[in-house]
Amino acid sequence: MPEGDTIFRAARTLHQALAGRVVTRFETALAPLAAVDVSTPIAGRRVERVLSAGKHLIIDFSDGLHLRTHMRMNGSWHIYRLDERWRRPRRDMRIVITTDAFVAVGFNIPVAEFLDVRGLERQEDLRRIGPDLLGHFDPDEAFRRIRARGDAEIANVLLNQRVIAGIGNVFKSEILFVCNVNPFDRVETLPDATLREIIRVSEKLLRVNVREGEPAQRRTTGSLDRSRPLWVYQRHGDTCRRCRTPIEYGKQGSDARGTYWCPRCQKPAPS
Ligand SMILES: [Zn+2]
C-alpha cells in the first residue's frame, strides 16, 4: 500500500507536469465519475494544482472543481508524453487526463469523486487539508478558500482549519487588529487586497512565532516588548496601544469564541 510520502511524490510529479495546463480530453472507466453532472466539462478547464493529503491525491481544476482519488492497495498515477507507450495495460486504466504536452493516467484507482469547494470542505477524510500556514503554505489556495466563504464573518473563517490551518483564537484577534479589519466583517464585504493582507500577516506572525519558540514570546504579535506582547487579546477594557480607545470584547460564532478588537482601529467595512 502506498504511504503518504509516495502519494506526496506522485502529487508533486503530477503537479509539475499538469499545473497551468488546460485539459484537452478527460476519460474515465469509473462509473461514478462518468455519471457525475458537473456544470462545465472537465475538458477546457485548467489544472491549477495537484496535492496530497495523507493518502489522498487531489487535483484542483479551474472554476472550483476538485478530483479526489485514493490509491488503496494497487492504484497508481503515471505521467506520459502524448506519444509515449503506457507501461500498464489499457484495461487497468481508470482515469485519463490529457493536456497539450502530457497525459496523466490513473491505473486501478478504486476511489475517485468530483467535489466542489464546499464538498471538498465537507469531505470527512479531507478535513485537515486547509492550507497549513506552517507547512507547504499556498496563499493563493488560502485566498480562494477564504473568498469562497462569502457571507461568513472573517474571524470565524480564520478559525476554520479546513479553510486555513494553523490559526487559533489568540491569533484570530491579533491578526485582524494588525490588518485593521473588524472581526465581524463578512468575507464578501472585504476587498481582495485585504484578504491577501490577512493571509500575508497570518503567515508572517505564525512563522515568526515558531522561530521564537519560547512561551513568553510565543504569542508576541504586537511588540517585542515582553511586558505588553499582545495588541488586543484579553485586553478588553484596556486602551488600544495605537489609539487609546478601550478594547472591546464579544462572543462570536457557533462556538461563541471570544473576540477582541479596537472599535476605532477596526471599523466595520462598508457593506
Ligand atoms: Zn485602536
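What share of the contacts in the protein chain with a separation of 6 or more is accounted for by residues 24 or more positions apart? The figure is 60%, and it is a good thing to keep in mind as you move around this predicted model.

**Whole chain**

Start with the protein chain in cartoon view. You should find eight helices and ten strands. Colour by burial next: 33% of the 271 residues count as buried.

**First sheet: E1, E6, E7 and E5**

Select strands E1, E6, E7 and E5, which form an open sheet of four strands in that order, with antiparallel pairing. At its edges are E1 and E5 (76–81), each of which pairs on one side only. On average, neighbouring strands here are turned by 15° against each other, direction ignored.

Now go through the sheet pair by pair. E1 (residues 25–28) meets E6 (residues 93–98) in the antiparallel sense, with four bridges between them. Click on Arg25 and look across to E6, where its bridge partner is Thr98.

From E6, carry on to E7 (residues 102–107). These two strands run antiparallel and are joined by five bridges, and a hairpin of three residues links E6 to E7. For a landmark in this pair, pick Met93, which stands opposite Phe107 in E7. Leave Phe107 highlighted, as it returns later in the tour.

**Second sheet: E2, E3, E4 and E8**

Next, select E2, E3, E4 and E8. This is an open sheet of four strands in the order E2-E3-E4-E8, and the pairing is antiparallel. Here the edge strands are E2 (47–53) and E8 (111–116), each pairing on one side only. From one strand to the next, the twist averages 20°.

Zoom in on E2 and E3 (residues 56–61), an antiparallel pair held over six bridges. Val50 is a handy residue to label, with Ile59 as its bridge partner in E3.

**The cores**

Which residues have the most contacts inside the largest nonpolar core? Show Ile175, Phe177 and Val232 as sticks: they are the ones, in a core of 31 residues. The elements giving two or more residues to this core are helices H4 (139–147), H5 (154–159), H6 (169–178) and H7 (192–212), together with strand E10 (257–261). Apart from this core lies another, of 28 residues, and Phe107 is among them, as are Ala17, Phe61 and Ala112.

Return to Val232 and display its surroundings. Not counting residues up to four places away in sequence, Val232 touches Ser173, Glu174 and Phe177, as well as Ile247, Tyr260, Trp261 and Cys262.

**Helix H4**

Select H4 and pick out its buried residues, which are Ala142, Arg145 and Ile146. Turn the view to look down the axis of H4: these buried residues fall within an arc of 100°, so they line one face of the helix. An α-helix has 3.6 residues a turn, so residues three or four places apart point the same way.

**Last stop: Arg162**

Finish in the loop between H5 and H6, where you will find Arg162. Is Arg162 buried or partly exposed? Arg162 is partly exposed, because 16 other C-beta atoms lie within 10 Å, while a buried residue would need 20 or more. Add Gly130 to the selection and draw a C-alpha to C-alpha distance: Arg162 and Gly130 are 4.2 Å apart in space, though 32 residues apart in sequence.

Note on methods: Residues are numbered from 1 along each chain as its sequence is written. This is a predicted model: local features need pLDDT of at least 70, side-chain atom pairs count only at pLDDT 80 or more; totals for chains, interfaces and linings use all residues. Two strands pair if DSSP finds at least two bridges between them. A nonpolar core is a set of buried Ala, Val, Leu, Ile, Met, Phe, Trp, Tyr and Cys residues joined through C-beta atoms within 7 Å. A residue is buried if 20 or more other C-beta atoms lie within 10 Å of its own, exposed if 12 or fewer, and partly exposed in between; C-beta atoms are placed from the backbone. Two residues are in contact if their C-beta atoms, placed from the backbone, lie within 7 Å. Axes are lines fitted to C-alpha atoms, for helices over the stretch in contact, and angles run from 0 to 180 degrees between N-to-C directions. The arc is that of the directions from the helix axis to the C-beta atoms.
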